Amino acid sequence: KKIADRYLKREVLGEGTYGVVYKAIDIKTGNTVAIKKIRIGKQKEGVNFTALREIKLLKELKDPNIIELIDAFPHKGNLHLVFEFMETDLEAVIRDRNIFLSPADIKSYFQMTLKGLAYCHKKWVLHRDMKPNNLLIGPDGQLKLADFGLARIFGSPDRKFTHQVFARWYRAPELLFGTKQYGAAVDVWAAACIFAELLTRRPFLPGASDIDQLGKIFQAFGTPSPSQWPDLEYLPDYVEYQPAPAQPWRTLFPTASDDAIDLLSKMFTYDPKARISAQQALEHRYFSSAPLPTEPAKLPRPV
Ligand code: ADP
């Protein structure tokens, strides 16, 4: 079926946070694309206008480590977003037991993640929903961040769709405490969870509920003290917790290098104001010390 006079719809790729995703052929270029059909539902027209204006801004985001938004158009009451098609994602790489990830491979995947993140933060766009299956991998081994800025435009999806629970594992503590003035630091926390998952090959903080999520965070890093996070007690959902000690970093990440652990500790900082930025993380010596990151084309991928 042809839509918008330009795309030949093929099979369904999956059901995502905001709606169904199709594979399609872009007749104009001959390229394979992924089309995200977004249920707009019964919203007032003004909301759609805002969404379309925001989407125009997303089309301006162009970076080797960001999925390109090729086109956006309304069709039969649904908004269609056209993205470049990607073969696989980081979640598939992490879960594939046949794939061995060397320290250089992990460094490469994580560096590309931070590069995409730093670019968007520089343009004042937050992701807000970073997780391994949002980090898509192209045939050339390039990792690209998907779904940038969508959470802001279409609202936080996690309350509406149950399959979204995974995003909780990557949620920063300030979000779990109900902050409304969150910033780029929430994406840095999520990126740190992804780094940890690359190192250990399993979800690092798999909370079963929002309360349990905080429990998992405290179990690992200890309950935050007022000196570590002065603003904590002023957050909307703050409640006092039983003090718990932090695990030693070496216990949490037995296979990580000293540089990796130093970077992790700066990203897993409780106070979002004190947390390292994506750009600062890229400048950390972890990335300039041996082993250097693997070239993207040489990275292991699922067959
Ligand atoms: P979620 O909201 O759960 O992250 P998405 O809406 O991003 O899911 O995607 C739903 C499905 O479509 C997934 O299986 C994903 O692999 C696939 N998909 C999304 N974007 C692309 C793309 N650019 N290229 C190929 N497949 C994609």
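## A walk from the ligand to the core

Let's start at G14, which is exposed because just 11 other C-beta atoms lie within 10 Å. Keep in mind as you look around that this is a predicted model. You'll find G14 in strand β2, and this glycine is also one of the residues that come nearest to the ligand, along with G16, T17, V21 and A34.

What surrounds the ligand? The shell around it holds 17 residues, and they split into 9 nonpolar, 5 polar and 3 charged. Two elements, β2 (7-15) and β4, each give two or more residues to that shell. The UniProt record, an unreviewed entry, lists a "binding site" made up of L13, G14, E15, G16, T17, Y18, G19, V20, V21, K36 and K42.

Move along from G14 to G19, another residue on that UniProt list. G19 sits in the loop between β2 and β3 (20-26). Is G19 buried or exposed? Somewhere in the middle: it counts as partly exposed because 18 other C-beta atoms lie within 10 Å, and a residue needs 20 or more to count as buried. Setting aside neighbours within four places in sequence, G19 is in contact with K36, K37, I38 and R39.

Those contacts bring us to β4, which covers residues 32-39, and from there to the sheet. How many strands form this open sheet? There are 6, in the order β1-β2-β3-β4-β6-β5, with antiparallel pairing. At the edges are β1 (2-3) and β5, each of which pairs on one side only. As a rule, strands of a sheet pair through backbone hydrogen bonds, either parallel or antiparallel.

Follow β4 across to β6 and you'll cross 7 bridges, again in the antiparallel sense. Here I38 stands opposite L79 in β6, so to speak face to face across the pairing.

Next comes the hairpin of β5 and β6. Strand β5 (residues 69-75) runs antiparallel to β6 (residues 78-84), and 6 bridges join them. H75 stands opposite N78 in β6. The hairpin has 2 residues between its strands, and K76 takes a positive phi near 50 degrees.

Now leave the sheet for D129, which the same kind of record picks out: in an unreviewed entry, UniProt lists D129 for "active site". Look for D129 in the loop between α3 (103-122) and β8 (135-137). Despite its place in a loop, D129 is buried, because 25 other C-beta atoms lie within 10 Å. Not counting residues up to four places away in sequence, D129 touches N134, D147, A151 and A167.

Where is the largest nonpolar core built up? It has 74 residues, and A191, A192 and C193 have the most contacts inside it. Helix α6 (residues 185-200) gives the most to this core, with 13 residues. Take A191 as a sample: leaving aside neighbours within four places in sequence, A191 is in contact with T113, L114, L117, M130, M267 and A278.

Our last stop is A274, in the loop between α9 (258-267) and α10 (278-282). Like G14 at the start, A274 counts as exposed; the reason is that A274 has 12 C-beta neighbours inside 10 Å, and 12 or fewer is what makes a residue exposed. A274 and Q228 are 46 residues apart along the chain, with 9.0 Å separating their C-alpha atoms.

Key:
Residues numbered from 1 in each chain as written. Predicted model: local features only at pLDDT ≥ 70, side-chain atom pairs only at ≥ 80, totals over all residues. UniProt positions renumbered as here; feature names shortened; annotations may be inferred. Helix = DSSP H or I, 4+ residues; strand = E, 2+ residues; numbered from the N terminus. Contact = placed C-beta atoms within 7 Å. Pairing = 2+ DSSP bridges. Core = buried A, V, L, I, M, F, W, Y, C linked by C-beta atoms within 7 Å. Near = placed C-beta within 6 Å. Nonpolar A, V, L, I, M, F, W, Y, C, P; charged D, E, K, R; others polar.
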